[in-house]
Amino acid sequence: MTDQAFVTIKNAAKSFGALEVLKDINLQVERGQIVAIIGPSGSGKSTLLRAINELDPLTSGEVWLEGVQINKKLPYRQYEAHVNQVRQDIGMVFQHFNLFPHLTVRGNITLAPRMLKGLSEADANKLAEEQLAKVGLAEKIDEYPSRLSGGQKQRVAIARALAMTPKVMLFDEATSALDPELVEEVNLVMKQLAEEHMTMIIVTHEMDFAASVCDRVLFMDQGVVVEEGPPSVIFQNPQEDRTRNFLRKHLSR
Amino acid sequence: MGLDFTVVPSYFGVLLMGSGWTVAITVCAGLLSFFGGIIFAVTALYGHWSLRLPVRGFAFLFMGTPLLLQLFLIYFGLIQIGIDLPAFLAGVIGLGLHFAVYNSELIQASILAVDKGQYEGARTLGLSRGQTLRRIVIPQAIHAVIPPMGNNMIALLKDSALVSVIGVMELTLAAQQAISRTYRPFEFYLAAAFCYYIVNLALEAGLRSLERRIAASR
């Protein structure tokens, strides 16, 4: 398996009972590439993203990250250990932030590096300060999440994920729950990551952002990838009717 | 025979001593019920069936039978199978386990109410199931459950009077002793009630400040 891309999804399928939410999906993402997944709700784009770190395991198919199969079939205990290990390399940012309300911003960021990477308190604090400075929230280090705005929460969530030095970042509609005026500050952080050549897979409803930041866009509908290509093609000259219809509805808004 | 409260002060030391034992047994049983409640709750929700089923059966037994009977069983009953517990310890175990079962019910509901996103946030960082429970879910569940659990602690304080029947020299039994010497039940039961009330006020003040501190961190 040496000819593989950085992230490879092969023949991915998932069904809930009789409902097929993903049908034979293939995706290759090179190191440093930024891929946007767009599509109507219920198209399976979030499910695909959540399959990459085994939050929603596939029914069949394979997920690989840098030559390591994420969704290995293993006995329960070994599977858990394996998944806990590989998840450290995959950062994920959620629509609803999922910050830990009982911990300060510092606690949110340092928890996993201290527990899983054995960082000392001093090193972890330094790491938290660095990551927060990067998302522009250095002064919020001792606040509790409840005292932050939505945009600030999401930036802390990004800092928390980055503190584990992931190989790839997954964004699951990271700005969908934000007030419109708070979207930009999160987008800026994501753009900055793009400039640093972080590998990113982004599920989004924001076509402008996808067009300006991403190397490639996948349009999904009803569990299949209908069309994929560079943003210039997908947004300006889509080949499929379904893509055109979707974009017409979305871009006219 | 009229009321005569002038005899009460001469038994002040006895009542104070009784209050002290009441506080001691409440604190010990309270701690047992708190940590026991967490252990029962986690076992009932996530334990292997060989642990989960006994814990559930045990909880059913403790909620379905009188506390007084449980105390008799622990103090008098266990002697027959060779376990001779001091009265204080028997009282702490009885009260502690009884309220641990009630706390466990609260904690279970609270654990189940923790947002699914919290599990996902922790698991995607690489935390294991156990780590996620210990560091993320249970602390939040405990925070949420402090106010109703405080009510259980107040109930525990009042129910600690029951251990007088197995001979723990706490406040109620201290009052009874004073009564048996002075034949003044009204005066001493009232004095004891007053002492319970004072201890209760202190407990409530403590719980309120705890709640405030937790609220501040949210």
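## Cysteines, a six-stranded sheet and its helix

Counting cysteine sulfur pairs within 2.5 Å, one arrives at zero disulfides over all chains in this structure, which is a predicted model. For B:C195, which is in no disulfide, the nearest cysteine sulfur is that of B:C28, and it is 19 Å away. B:C195 is buried, with a relative accessible area of 16%, and A:C214 in the other chain is buried as well, with a relative accessible area of 7%.

### The sheet of chain A

How are the strands of the open sheet in chain A ordered? The sheet has six strands in the order 6-7-8-3-9-10, and their pairing is mixed. Strand 6 (90–93) and strand 10 (224–229) of chain A stand at the edges, and because each has a single partner strand, one side of each is left without a neighbour in the sheet. On average, and with direction ignored, neighbouring strands of this sheet are turned by 20° against each other.

Two of the pairings show the mixed character of the sheet, and they are set out below with one facing residue pair for each.

| Strands of chain A | Sense | Bridges | Residues opposite each other |
|---|---|---|---|
| Strand 3 and strand 8 | parallel | four | A:I34 and A:M200 |
| Strand 9 and strand 10 | antiparallel | five | A:F219 and A:E227 |

Strand 9 (residues 216–221) of chain A and strand 10 of chain A form a hairpin with two residues between them, and in the turn A:Q222 has a positive phi of about 50°. In a regular strand the side chains alternate between the two faces of the sheet.

### Helix 6 of chain A

Helix 6 of chain A packs on this sheet, where it touches strand 3, strand 7 and strand 8 of chain A, and its direction makes about 145° with that of strand 8 of chain A. The helix covers residues 180–195, which is 16 residues, and from its first C-alpha to its last it reaches 24 Å, close to the 22 Å expected at 1.5 Å a residue.

Which residues of helix 6 of chain A are buried? They are A:L182, A:V183, A:V186, A:N187, A:V189, A:M190, A:L193 and A:A194. Seen down the axis of helix 6 of chain A, these buried residues fall within an arc of 160°, so they line one face of the helix. An α-helix has 3.6 residues a turn, so residues three or four places apart point the same way. The face of helix 6 of chain A that is turned away from the buried side carries the exposed residues A:E181 and A:E195.

The cover over the buried residues of helix 6 of chain A includes both strands and helices of chain A, namely strand 3 (34–38), strand 7 (168–172) and strand 8 (199–203) together with helix 5 (150–162) and helix 7 (207–213). Helix 6 of chain A is followed by A:H197, whose phi is positive, near 65°.

### Chain B

What kinds of elements make up chain B? Chain B has eight helices and zero strands, so that, by the DSSP runs used here, its elements from the N terminus on read α-α-α-α-α-α-α-α. Along its principal axes the C-alpha trace of chain B spans about 75 × 45 × 20 Å. Of the 218 residues of chain B, 48% count as buried, and among its contacts between residues at least 6 apart in sequence, 77% join residues at least 24 apart.

How values were computed. Residues are numbered from 1 along each chain as its sequence is written. Chains are lettered from A and ligands numbered from 1 in the order in which they are written. This is a predicted model: local features need pLDDT of at least 70, side-chain atom pairs count only at pLDDT 80 or more; totals for chains, interfaces and linings use all residues. Side-chain values use heavy atoms; hydrogens and water are left out. The expected span of a helix is 1.5 Å times one less than its number of residues. Buried means under 20% relative accessible area, exposed over 50%, partly exposed in between (1.4 Å probe, protein chains only). The arc is that of the directions from the helix axis to the C-beta atoms. Contact means heavy atoms within 4.5 Å. Two strands pair if DSSP finds at least two bridges between them. Axes are lines fitted to C-alpha atoms, for helices over the stretch in contact, and angles run from 0 to 180 degrees between N-to-C directions.
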